[in-house]
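Colleague: Could you walk me through this one? I am new to it.

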Amino acid sequence: MPNDPLTAEQREIRDLVRELARERIAPRAAEIDKSAEFPWDVVELYRENEIFGILFDEEYGGIGASALMTLVVIEEVSKVCATSGLIIAVQELGSLGLKLAGTDEQKQRYLPRLASGEWLTAYALTEPGSGSDSAAMRTTARRDDGEYVLDGGKRFITNAGVADLYTVFAKTDSDAGPNGTSAFVVEATSPGFEVGRIEPKMGIKGSTTGEIFFNDCRVPAANLLGDEGDGFKIAMRILDRSRPGIGAQGLGLAQGATDYALEYAKSRETMGKPIGEHQLIAGMLADMETKCEAARGLLYKCGQLIDEGAEGAELTKISAMAKLYCSDVAMDVTTDAVQILGGYGYIQEYPVERMMRDAKITQIYEGTNQIQRLVIAREMLKENRAFLLAGVG
Ligand SMILES: Cc1cc2nc3c(=O)[nH]c(=O)nc-3n(C[C@H](O)[C@H](O)[C@H](O)COP(=O)(O)OP(=O)(O)OC[C@H]3O[C@@H](n4cnc5c(N)ncnc54)[C@H](O)[C@@H]3O)c2cc1C
């Protein structure tokens, strides 16, 4: 099968998730979108089938974390419901700070509860005045004996109000630029922690996106991740590993929309034949399939590199490319799927209009696609390819 570097065991897991997605999640997708309520039944399904365990090592109650497998699982679920795919992506996003920078004690304290899905998690970087410019954050944390006291607020936080544990970034030294940022894990029950407004939005409607506030919020000093001042580096190392998850959500949406449009094009007839036999529609289907396959090649390569231990510039560049390309493909392909269904594509009875609305966010969060392009170009400009030009006159 093209683009399938999975082992036999990984294929078995993919097939199990594919079946769960088709049989248990797909029938819920339209209702999740319509009600805009967080789908706790899907979380329960993940718990029962140990899906969150796919993200974690055995010593913390998982089945052995694999980045590639995580991407495949997010893709499979997002083919039928992008909100449900995001629940898995954010469990990974919110756990990565602990995985990358946590002490053994911190990992033992939290990861088993995240691996079982008993606790959900979140990643809180964005503030009202600090999105792409994350270094402009204003939330502060000051040491007070055995605790840190956090003040400020975050905006647009996925899983706000449903997460039990938040990875939070705050300034411990406001004069030290990015080196003055520190990372913490903050339990939702911490004194002074509060959830604010949950935003109504265009797509991924079942996912909560909201404000969180810290009002003299007291967190044990033992919840600092890494050392004081490590926060910005931790935030970026997390994004290097989590951005492909958004790529996987985008790819799932694109493939789901392609599959739906294909079936529709076989059965809808105009001018005496199925629309798929009109060359302009056939050409669109061919482009959609080709884009999905190309996106999958890049995404899975990124997953494999993470599993092989890639770090630094190599990882930063390929993860930005995977997020950028898969999300642009998601927007293009879901828009074309709506076009192929004609008027039926625009009405809510058919899933492609939801897929098109859901696809838009993949170009925006975890760094907009403008920011991904800046990241990729910055890495390219650092590379020395002069030797490739040797002999070129
Ligand atoms: C549904 C949803 C869920 C989210 N979930 C989370 C979450 O869980 N955790 C979290 O921390 N954040 C989350 N975010 C925030 C998200 O990551 C930010 O919205 C995003 O990074 C953009 O920041 P901004 O909205 O402040 O836009 P801005 O930074 O104000 O950007 C506005 C526009 O300017 C462009 N731009 C900005 N700077 C440059 C530049 N230097 N060069 C070229 N173009 C530029 C941007 O690409 C964009 O088009 C979420 C957002 C949404 C909508």
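Modeller: Gladly! A polar contact here is a pair of N or O atoms within 3.5 Å; within protein, one must be able to donate a hydrogen and the other to accept it, and residues adjacent in sequence count only if both atoms are side-chain atoms. The model is predicted, so local features need pLDDT of at least 70 and side-chain atom pairs pLDDT 80 or more, while totals for chains, interfaces and linings use all residues. Residues are numbered from 1 along each chain as its sequence is written, and side-chain values use heavy atoms, without hydrogens and water.

Colleague: How far does a polar side-chain atom of S132 lie from an oxygen atom of the ligand?

Modeller: S132 is listed with T126, F156, T158 and T368 as the closest of the 18 residues around the ligand, counting residues with a heavy atom within 4 Å of it. For S132, the pair joins a polar side-chain atom to a ligand oxygen, at 2.6 Å.

Colleague: Which atom of the ligand lies 2.9 Å from a backbone N or O atom of F156?

Modeller: T368 uses a polar side-chain atom, 2.6 Å from a ligand oxygen. With F156 the backbone takes part, and its partner at 2.9 Å is a nitrogen atom.

Colleague: Which residues have the most contacts inside the largest nonpolar core?

Modeller: Such a core joins buried (under 20% relative accessible area, 1.4 Å probe, protein chains only) Ala, Val, Leu, Ile, Met, Phe, Trp, Tyr and Cys residues through side-chain atoms within 4.5 Å. The largest has 97 residues, and those with the most contacts are Y46, F169 and I340.

Technical notes:
Buried < 20%, exposed > 50% of the residue type's maximum accessible area, 1.4 Å probe, protein only.
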